[in-house]
Amino acid sequence: MLNILLVTLGCDKNTADSERMLGLIDKSEYNLVSDPEVADVAIVNTCCFIESATQESIDKLLELAAYKEGRLKYLICTGCMAQRFKDQIVKELPEVDAFVGTMSLDSIVEVISELELSRKQANSMADESGINGEVEIALTNNENDGVISPILKFDELDAPYPDRTQIERIVTERPYLEYLKIADGCDKRCTYCAIPYFKGKYKSVPMESVIEEAKVLAASGVKELILVAQETTCYGIDLYGEKRLHILLRELSKIDGIEWIRLLYAYPEEIYPELISEMSSNPKVLHYIDMPIQHTEDDILRRMGRRIDNAGIRRVVNELRINMPDIIIRSTIITGFPGETIEEHEKLLDTLAELGLDHVGVFTYSQEDGTPAATFDGQIDEDTKNERLEDIMLLQQDISAEKLSTYIDKAFNVIIDGYLPDDDVYVGRSYMDAPDIDGMVFIDSPRELISGEIVRVKITDSDVYDLEARLI
């Protein structure tokens, strides 16, 4: 029986894909392991959103390739980097034995089986030829030189989303929360973003499939569902001719065991009245939204290919807060976009100060090959980008510290994420914080708390990002 190691890089959408691959592998004749020393097959589910993510994927593949000097037989590259760079990556990574694209991940067991069959056939040929030892699987451009070429599995990017209702995911992180992928691909074509080139068109997962997966997760103990896609707000438009995220939220909230539903990646221009109404009235849908705006100044937004302007951003923020005064708004900003002037940077700071968003992630612009913005005039040097990033982060720290200080003496429900024995405190999150990207609540409790338990706490102190509390 082969031992299989799977390493996931990148975003939570990749995590969801990896957990499905793990589920398929677990149901097969293979054994899952976490130690590369004992792995026969190593799979890397890669990311390539920006240059640094691509380099991390390459480094991880090369790191695992070194284990071929020991037990490791096969190295497989799956996901975004394999898809995006499929025309050149095969030549540049001869250490890799198979490449699997973003729409072909459900074929992972077949790919492993094919690698084994190819090795057996090659070794049989070697025996017949009187060659001692196993024939190594390696890259070649010559099918007649006796070395086996890598397996390539790339299905049509714009095919309908595959039916995955029969795939039981293996939860790799917290058993009480899961990322629920409701769509893939993107139709927006922002000028800085390469995602449509390796994810294809927007593809909603059929509602019955999403609900069935959520029921399975709830039955396994999941309490918090986090809805993800490249863009969640357009859910259903390709399948049903209209946006149906509000209906999906309503149906998911009917599932026993699901207590919190959190919404990520909601583009501001696609937020619509029925969605706001459902969020404000449904007690299981958290008053939290991740709404990437990327910038606030009209000329930058236009050249980014964004479909909203400064006034539109302000209008959406205002509508959310009118309907949900306690809503937490998270966003992301790209600084140093080509042609961004110092005046536009300062106006961005002014707008962010006025909006007072609760959480802001900041990224320096990455010049991605193949995207329109990569060819724009006015590319900005890295030092300037980093200085501007620092400006935004310092501003947001002040905003965050001021907001968190207003929560002292208030009570919140918190889901427990763990225990810090050195500090003798429990760590949790309120509705205000998504896992791994936002802040935490450090809880003093006289009794033992279990991870996944939802408890009531009173806030006793705050800092820039986190809160302290005691159990009520």
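Here is a walk through two helix pairs, some enclosed spaces and one open pocket. Keep in mind that the model is predicted.

Let's start with helix 7, which covers residues 207-219, and helix 9, which covers residues 245-252. Their axes come within 10 Å and cross at roughly 30°. That angle makes helix 7 roughly parallel to helix 9, since angles under 35 degrees count that way. As for handedness, helix 7 passes helix 9 in a right-handed crossing. If you want to find the interface on screen, pick Met207, Val210, Ile211 and Ala214 on the helix 7 side, then look for Ile247, Leu248, Glu251 and Leu252 on the helix 9 side. Sorted by class, this contact has seven nonpolar residues, one charged residue and no polar ones.

Stay with helix 7 for a moment, as it also turns up in a cavity wall. The second largest cavity holds about 70 Å³ of space, and helix 7 supplies the largest share of its lining, with three residues. The full lining consists of Arg20, Tyr161, Pro162, Asp163, Arg164, Thr165, Lys181, Val205, Ser209, Val210 and Glu213. Val210 is worth a second look: it is part of this lining, and it is also among the helix 7 residues that meet helix 9. The class make-up of the cavity wall is five charged, four nonpolar and two polar residues.

How many cavities of 30 Å³ or more does the structure hold? There are five. The largest has about 100 Å³ of space. Its lining runs to 15 residues, and those closest to the centre are His359, Leu404, Tyr407, Met432 and Asp433. By class, you'll find eight nonpolar, four charged and three polar residues around this cavity. Which element gives the most to that lining? It is helix 14, residues 382-405, with three residues.

That brings us to the other side of helix 14's story, its pairing with helix 13 (residues 342-355). The two axes come within 10 Å and cross at roughly 15°, and therefore helix 13 and helix 14 are roughly parallel to each other. Here too the crossing is right-handed. Helix 13 makes the contact through Ile342, His345, Leu348, Leu349, Leu352 and Ala353, while helix 14 brings Arg388, Asp391, Ile392, Leu395 and Ile399. In class terms, that is eight nonpolar, two charged and one polar residues.

One more residue of helix 14 deserves a stop: Leu389. Leaving out residues up to four places away in sequence, Leu389 touches Thr335, Val362, Phe363 and Thr364. For a sense of scale, the C-alpha atoms of Leu389 and Asp184 are separated by 29 Å, and the two residues sit 205 residues apart along the chain.

Finally, let's move to an open space. The second largest pocket has a volume of about 450 Å³. Its lining counts 24 residues, and His287, Asp326, Ile327, Phe412 and Tyr431 lie nearest the centre. Helix 10 (273-281), strand 12 (285-290) and strand 15 (411-420) are the elements that give two or more residues to this pocket's lining. The class breakdown for the pocket is eleven nonpolar, eight charged and five polar residues.

Technical notes. Residues are numbered from 1 along each chain as its sequence is written. This is a predicted model: local features need pLDDT of at least 70, side-chain atom pairs count only at pLDDT 80 or more; totals for chains, interfaces and linings use all residues. Side-chain values use heavy atoms; hydrogens and water are left out. Axes are lines fitted to C-alpha atoms, for helices over the stretch in contact, and angles run from 0 to 180 degrees between N-to-C directions. Helices (H or I, at least four residues) and strands (E, at least two) are DSSP runs, numbered from the N terminus. Angles under 35 degrees count as roughly parallel, over 145 as roughly antiparallel, 65 to 115 as roughly perpendicular and the rest as oblique. A crossing is left-handed if the near helix is turned anticlockwise from the far one by less than a right angle, and right-handed if clockwise. Contact means heavy atoms within 4.5 Å. Ala, Val, Leu, Ile, Met, Phe, Trp, Tyr, Cys and Pro count as nonpolar, Asp, Glu, Lys and Arg as charged, and the others, Gly among them, as polar. On a 1 Å grid over the protein atoms alone, a cavity is a set of points where a 1.4 Å probe fits but cannot get out, and a pocket is an open set with protein on both sides within 12 Å along at least five of seven lines; lining residues have an atom within 4 Å of a point. Grid points are joined across faces, edges and corners, and a volume is the space filled by probe spheres set on the points.
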